[in-house]
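Work through the exercises below with the sequence and the structure in view. Each task is followed by a solution in steps.

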Amino acid sequence: MKVCGIPVCHISADEARAERDVKAIRKFGPPVMDMIERMPYPVVNTLIDDAFPPGHLNYWKSAFSTDLSDDAIDKLVTAFEETPTTSCFPVIEHLHGAVTRIAPTDTAFPHRSPGYNLLIMAGWTDLAQTDACTAWARGIYDSLRPYMADGAYINYLDADDASRVQAAYGPNYERLRDIKRI
């Protein structure tokens, strides 16, 4: 078997545990959609392509958080209840496992502490909804500031986040800037 073009000869202890955990979840009955499977990273990046058809407008805000307090979760739930379109939603990405076992300076991506990436995705198709959708995303982002950690994920920065680029690369920024100059 190959994963991302790399031969895989065995299943690690983490993968075996994941298989056991998924099996336990599936015992509850068939889900509406089951996409839990081993897949190459480039495929993962295409999973939500249909949610962003041509002509779809969007505005994103994101930040890392080391903990999801009850108050932060309440703010996310309330924000989801107040979305201006059905294409507006918060996403919580859990950073744990293998990603946290790599030193921050071993790759360009330095955010290796266990925690969460909070992504606020605002999407719309009617240009008249632009102000409402961007205000919705900015409002959630501002309300979550007390729960945010330093840093940013470069792929989620929007046009008005230029001041956060250095935070996205953290301790790697200077080295990457120097490499780019070569």
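## Exercise 1: Strand pairing

Phenylalanine 64 stands opposite asparagine 117 in strand 5. The model is a predicted one.

Task: Find how many bridges join strand 3 to strand 5, and state whether the two run parallel or antiparallel. Then do the same for strand 4 and strand 5.

Solution.

Step 1. Take a second pair along with Phe64 and Asn117: tyrosine 59 lies opposite alanine 122 in strand 5.

Step 2. Count the bridges: strand 3 and strand 5 are joined by nine of them, and the two strands run antiparallel.

Step 3. Turn to strand 4. Its link to strand 5 consists of seven bridges, again with an antiparallel course. Valine 91, for one, has leucine 119 in strand 5 as its bridge partner.

Step 4. Put the two results together: strand 5 is bridged to strand 3 and also to strand 4.

## Exercise 2: The chain as a whole

Task: Give the number of helices and strands, the order in which they follow one another, and the share of residues that are buried.

Solution.

Step 1. Count the elements: there are six helices and five strands.

Step 2. Read along the sequence. The order is β-β-α-α-β-α-β-β-α-α-α.

Step 3. Look at the extent. A box of roughly 55 × 55 × 35 Å along the principal axes holds the C-alpha atoms.

Step 4. Look at burial. Of the 182 residues in the chain, 25% are buried.

Step 5. Look at the contacts. Among those between residues at least 6 apart in sequence, 71% join residues at least 24 apart.

## Exercise 3: Two serines in one strand

Task: Decide whether serine 62 is buried or exposed, and do the same for serine 65. Then list what each of them touches.

Solution.

Step 1. Place the residues. Serine 62 belongs to strand 3, and serine 65 is found in strand 3 as well.

Step 2. Apply the cut-off, which is under 20% relative accessible area for a buried residue. Serine 62 has a value of 0% and is therefore buried. Serine 65 has a value of 2%, so it is buried too.

Step 3. Compare with the strand around them: seven of the nine residues of strand 3 are buried. In strand 5, nine of ten are buried.

Step 4. List the contacts of serine 62, leaving out residues up to four places away in sequence. They are Asn117, Leu118, Leu119, Tyr141, Tyr153, Tyr156 and Arg164.

Step 5. With its neighbours within four places set aside, serine 65 is in contact with Gly115, Tyr116, Leu118, Tyr147 and Ala149. The side chain of serine 65 also reaches the backbone oxygen of tyrosine 147, at 3.0 Å.

## Exercise 4: A residue of helix 3

Task: State which residues alanine 72 touches beyond four places in sequence, and how far it is from proline 146 in space.

Solution.

Step 1. Alanine 72 sits in helix 3, which covers residues 70-81.

Step 2. Its relative accessible area is 1%, so alanine 72 counts as buried.

Step 3. Beyond four places in sequence, alanine 72 touches Leu144 and Tyr147.

Step 4. Proline 146 is 74 residues away from alanine 72 in sequence, while their C-alpha atoms are 8.8 Å apart.

## Exercise 5: Two pockets

Task: Describe the volume and lining of the largest pocket and of the second largest pocket.

Solution.

Step 1. The largest pocket holds about 2,100 Å³ of space. It is lined by 44 residues, and Met39, Tyr41, Val44, His94 and His96 are the closest to its centre.

Step 2. Sort the lining by class: 27 residues are nonpolar, seven are polar and ten are charged.

Step 3. Sort the lining by element. Helix 1, helix 2, strand 3, strand 4 and strand 5 each supply at least two residues. Strand 4 gives the largest share, with seven residues.

Step 4. The second largest pocket has a volume of about 170 Å³. Among its 14 lining residues, Phe64, His111, Arg112, Ser113 and Asp150 lie nearest the centre.

Step 5. The lining of the second largest pocket comprises seven nonpolar, five polar and two charged residues. Strand 3 and strand 5 each supply at least two of its residues.

Methods. Residues are numbered from 1 along each chain as its sequence is written. This is a predicted model: local features need pLDDT of at least 70, side-chain atom pairs count only at pLDDT 80 or more; totals for chains, interfaces and linings use all residues. Side-chain values use heavy atoms; hydrogens and water are left out. On a 1 Å grid over the protein atoms alone, a cavity is a set of points where a 1.4 Å probe fits but cannot get out, and a pocket is an open set with protein on both sides within 12 Å along at least five of seven lines; lining residues have an atom within 4 Å of a point. Grid points are joined across faces, edges and corners, and a volume is the space filled by probe spheres set on the points. Helices (H or I, at least four residues) and strands (E, at least two) are DSSP runs, numbered from the N terminus. Ala, Val, Leu, Ile, Met, Phe, Trp, Tyr, Cys and Pro count as nonpolar, Asp, Glu, Lys and Arg as charged, and the others, Gly among them, as polar. Buried means under 20% relative accessible area, exposed over 50%, partly exposed in between (1.4 Å probe, protein chains only). Contact means heavy atoms within 4.5 Å. Two strands pair if DSSP finds at least two bridges between them. A polar contact is a pair of N or O atoms within 3.5 Å; within protein, one must be able to donate a hydrogen and the other to accept it, and residues adjacent in sequence count only if both atoms are side-chain atoms.
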